[in-house]
Amino acid sequence: MPFYGARGIVLGNRVSRSDIEVDKVKVETVENLPPPISVKGVRSFLGHTGFYRRFINNFLKIATPLCMFLEKYVTFNFDEACLKAFEELKNQLVVAVIIATPDWSLPFELMCIASDHAIG
């Protein structure tokens, strides 16, 4: 299937016939993200990073110190191990290859999930 559009945005990346660029504003937002100050903040961060977990090598190993905040009635104690895990996940989100340009000379298949209510 040929690429007819001049350019577009897919998963926050600018895609054109020649290359894929990451939206620099989104990268800067992730880079400048401060450490969470509550259990709810950690849970929210893990929810966002969880979407990209398949692109981050050893995601669960890195996120283990933060995963304790997913349990009920946990006291917020964001120690050095949690900060290290938070910073490593932020770094992985910035440098991980989330989407790559296909080799247009080879056949490939594009799949998506669709339902009667939404496309994701």
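Helix H2 has twelve residues, which at 1.5 Å a residue should span 16 Å, and the separation of its end C-alpha atoms, 16 Å, agrees with this expectation. The model in which this helix appears is predicted. Within H2, the buried residues are Val 39, Val 42, Phe 45, Leu 46 and Thr 49. Viewed down the helix axis, the buried residues of H2 fall within an arc of 125°, so they line one face of the helix. The face turned away from this buried side carries the exposed residues Lys 40, Gly 47 and His 48.

The protein as a whole contains four helices and three strands. Read from the N terminus, the order of its elements is β-β-β-α-α-α-α. Of the 120 residues in the protein, 22% are buried.

Helix H4 was examined in the same terms. It comprises 16 residues and reaches 23 Å from its first C-alpha to its last, close to the 22 Å expected at 1.5 Å a residue. Its buried residues are Cys 82, Ala 85, Phe 86, Leu 89, Lys 90 and Gln 92. These residues cover an arc of only 160° around the axis, which puts them on the same side of H4. On the face of H4 turned away from the buried side lie the exposed residues Glu 80, Lys 84 and Val 95.

The two helices are connected through aromatic side chains. A search of the whole structure identifies four aromatic pairs. One of them, formed by Phe 45 and Phe 86, is tilted, with 4.7 Å from centre to centre and 55° between the planes. This pair links distant parts of the chain, since Phe 45 belongs to helix H2 (residues 39-50) and Phe 86 to helix H4 (residues 80-95), 41 residues apart. Both partners are buried: Phe 45 has a relative accessible area of 7%, and Phe 86 has a relative accessibility of 1%. Phe 86 also pairs with Phe 78; the ring centres are 6.4 Å apart and the planes stand at 75°, so this pair is edge-to-face. The angle exceeds the limit for that class, as planes over 60 degrees apart count as edge-to-face. Phe 45, Phe 78 and Phe 86 are joined by Phe 69 and Phe 76 in one aromatic cluster.

Another buried residue of H4, Lys 90, takes part in a salt bridge. Its partner is Glu 87, and the closest N and O atoms are 3.6 Å apart. The count of salt bridges comes to one. Both residues lie in helix H4, three residues apart, which is about one turn of the helix. In general, an α-helix has 3.6 residues a turn, so residues three or four places apart point the same way. The two partners differ in their exposure class: Lys 90 counts as buried at 6% relative accessibility, whereas Glu 87 is partly exposed, with a relative accessible area of 35%.

Helix H4 also has a residue whose backbone position can be related to helix H1. Glu 28 lies in H1 (residues 24-31), and its C-alpha atom is separated by 8.6 Å from that of Val 94, although the two residues are 66 residues apart along the chain. Lys 26 is likewise found in H1. For Lys 26 and Val 94, 68 residues apart along the chain, the separation of the C-alpha atoms is 9.1 Å. The two H1 residues are partly exposed, with relative accessible areas of 46% for Glu 28 and 47% for Lys 26.

A further feature is found at the surface. Trp 104, Phe 108 and Leu 110 form a nonpolar patch there, and together they have about 350 Å² of accessible area. Leu 110 is placed in the segment after H4. With a relative accessibility of 73%, Leu 110 counts as exposed, in contrast to Phe 86 of the aromatic cluster, which is buried at 1%.

Key: Residues are numbered from 1 along each chain as its sequence is written. This is a predicted model: local features need pLDDT of at least 70, side-chain atom pairs count only at pLDDT 80 or more; totals for chains, interfaces and linings use all residues. Side-chain values use heavy atoms; hydrogens and water are left out. Rings of Phe, Tyr and Trp (its six-membered ring) pair if their centres lie within 6.5 Å; planes under 30 degrees apart count as stacked, over 60 as edge-to-face and the rest as tilted. Buried means under 20% relative accessible area, exposed over 50%, partly exposed in between (1.4 Å probe, protein chains only). Patches are made of residues with over 30% relative accessible area and no salt bridge: like charges are joined within 9 Å, nonpolar side chains (Val, Leu, Ile, Met, Phe, Trp, Tyr) within 5 Å. Accessible areas come from the Shrake-Rupley method with a 1.4 Å probe; for residues, only the protein chains shown count as cover. A salt bridge is a side-chain nitrogen of Lys or Arg within 4 Å of a carboxyl oxygen of Asp or Glu. The expected span of a helix is 1.5 Å times one less than its number of residues. The arc is that of the directions from the helix axis to the C-beta atoms.
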